[in-house]
Amino acid sequence: MGNLMGSLRYKEPRTVEECDSTWESDSESEEQPGDEDSGISECVSRFETGRLSPNPGCFQPSDSKSSTKMKRSFYAAKDLYKYRHSYPNYKAPRLPNDYRNLRFYLNKIPLIPDGIFIEEILTKWRGNYDKLEHNHTYIQWLFPLREQGLNFYAQELTQEEIKEFQSTREAKRRFLLAYTLMLDFYGIKLLDKSGNVARASNWQERFQHLNESQHNYLRITRILKSLGELGFEAFKAPLVRLLLDEALCRGTLPNMLHSTLEYYVYTIRLRSHRRSLLRYARQHYQPANTFLWGPPARRRGAEAGPGGRVAEPTPERERRGGDPHRACSPLTKKDSVGGGGGGGDGKGTKGYTVSTKTLQEGVMERGRGDRGKYLETVPL
């Protein structure tokens, strides 16, 4: 009866605003960046005090006239709305739940169709960047979701399997090893059990590759979602924080900026963490008036036109190719610069840390959504 009533109460979101609760019950006049201790403020303060040294200039779209025509993707917002709300109206797969993802992580069955066991991947694939780049069947097994990906041999997670996985120490240990395997592939290292991350020693080579290999942006979305499903919600914010800074202020991953703001931030279930990340981004984003991810305009009186009217939303600028999510990217290749500030060869680099003191791991905002098809995002 409960599931039936939930279905009756369900209302399909029709706009980005209905999908995004980040700024709900919040206004700039009531809550300034320093007013809440969400944990992200610790990261921001390190940049402000110079303990990390980003490039002083932040990057901006090369064509400011075109950039003002951008708007957020409804399909991305709807996809992440469903994820953050734990897939309301979820229907279990027709196939019997045989805990295939858990058995794979316990090294009892290989991934299909390759026939490779998890231990082989963890021990022999580390550092084999060609294999990690060009093989497209392992990612669905390493980072399972309650969504069907492109490998139809991979089984979707269920609530029951998620609970069993989270209570199985060996599975969680291997899952973290798989996470560090992919971080190394991207030029990042895991610092501790709280999820804090920093540039790895190979960051220059790997960031250059990542900036041009945009199918990996879809993989990162999947990794972030899977972290939240399997009990590592606290690991998301530090990784998103690092990618945001590298894309926005250090110029090492400029092509990733739009995916970071449109997708990665919105995989984080705790609103206060999303707000803090977006406030940091808005502080450095140029031109400032083209930042799309702040509070709704109706809550920002300073942006209202004559007579208190709020400017109408700008039309969307379609851009073919480029960003794998088919959304407009505010940066072009010529904005990319090598190196970036702070960290040098990676030695002695301060990590991107997020305090977990106030983070309620696995917190889910209660809301409504569906498990219907969406057009722009295809989970890998």
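**Figure 1. A salt bridge inside helix α11.** In this predicted model, the side chains of arginine 174 and glutamate 170 meet in a salt bridge, with 3.4 Å from N to O. Both residues sit in helix α11, four residues apart, which is about one turn of the helix. Buried or exposed: which word fits arginine 174? Arginine 174 has 8% relative accessibility, so it counts as buried. Its partner, glutamate 170, comes out at 32% and therefore counts as partly exposed. As a rule of thumb, side chains of opposite charge can pair when their charged atoms come close.

**Figure 2. A salt bridge between distant parts of the chain.** Here arginine 269 and glutamate 229 meet through their side chains in a salt bridge, at 3.2 Å from N to O. Where do these two residues come from? Arginine 269 belongs to the loop between α15 (257-264) and α16, while glutamate 229 belongs to helix α13, and the two are 40 residues apart. Arginine 269 has a relative accessibility of 0%, so it counts as buried. Glutamate 229 is at 2%, so it counts as buried too. The pair isn't on its own: salt bridges that share partners join Arg146, Glu229, Glu233, Lys236 and Arg269 into one network.

**Figure 3. Neighbours in the sequence, paired up.** Glutamate 205 forms a salt bridge with arginine 206, and their closest N and O atoms are 3.8 Å apart. Arginine 206 has just 5% relative accessibility, so it counts as buried. If you go hunting through the whole structure, how many salt bridges are there? The search finds 18.

**Figure 4. Helix α14, from end to end.** Take the 15 residues of this helix (residues 236-250) and allow 1.5 Å a residue: the helix should span 21 Å. The C-alpha atoms at its ends are 20 Å apart, which agrees. Helix α14 is mostly covered, with 15 of its 15 residues buried. What follows the helix? Next comes glycine 251, whose phi is positive, near 75 degrees.

**Figure 5. The second largest cavity.** The model has four cavities of 30 Å³ or more, and the second largest holds about 60 Å³ of space. Its lining includes Tyr179, Met182, Leu210, Ile220 and Leu243. Which elements give two or more residues to this lining? They are α11 (169-186), α13 (215-229) and α14. Helix α11 gives the most, with four residues. Sort the lining by class and you get 10 nonpolar residues, no polar ones and no charged ones.

**Figure 6. Two cis peptide bonds.** Most residues other than glycine have a negative phi, and most peptide bonds are trans. The bond from isoleucine 112 to proline 113 is cis, though, with omega near 15 degrees. You'll find proline 113 in the loop between α6 (100-105) and α7 (118-124). The bond from glutamine 286 to proline 287 is cis as well, with omega near -10 degrees. Proline 287 lies in the segment after α16 (271-284).

**Figure 7. Positive phi without glycine.** Serine 86 isn't a glycine, yet its phi is positive, at about 60 degrees. This serine sits in the loop between α5 (74-84) and α6. With 15% relative accessibility, serine 86 counts as buried. Asparagine 107 also has a positive phi, near 65 degrees, in a residue other than glycine. Look for asparagine 107 in the loop between α6 and α7. Its relative accessible area is 28%, so asparagine 107 is partly exposed.

Definitions and conventions
Residues are numbered from 1 along each chain as its sequence is written. This is a predicted model: local features need pLDDT of at least 70, side-chain atom pairs count only at pLDDT 80 or more; totals for chains, interfaces and linings use all residues. Side-chain values use heavy atoms; hydrogens and water are left out. The expected span of a helix is 1.5 Å times one less than its number of residues. Buried means under 20% relative accessible area, exposed over 50%, partly exposed in between (1.4 Å probe, protein chains only). On a 1 Å grid over the protein atoms alone, a cavity is a set of points where a 1.4 Å probe fits but cannot get out, and a pocket is an open set with protein on both sides within 12 Å along at least five of seven lines; lining residues have an atom within 4 Å of a point. Grid points are joined across faces, edges and corners, and a volume is the space filled by probe spheres set on the points. Ala, Val, Leu, Ile, Met, Phe, Trp, Tyr, Cys and Pro count as nonpolar, Asp, Glu, Lys and Arg as charged, and the others, Gly among them, as polar. A salt bridge is a side-chain nitrogen of Lys or Arg within 4 Å of a carboxyl oxygen of Asp or Glu.
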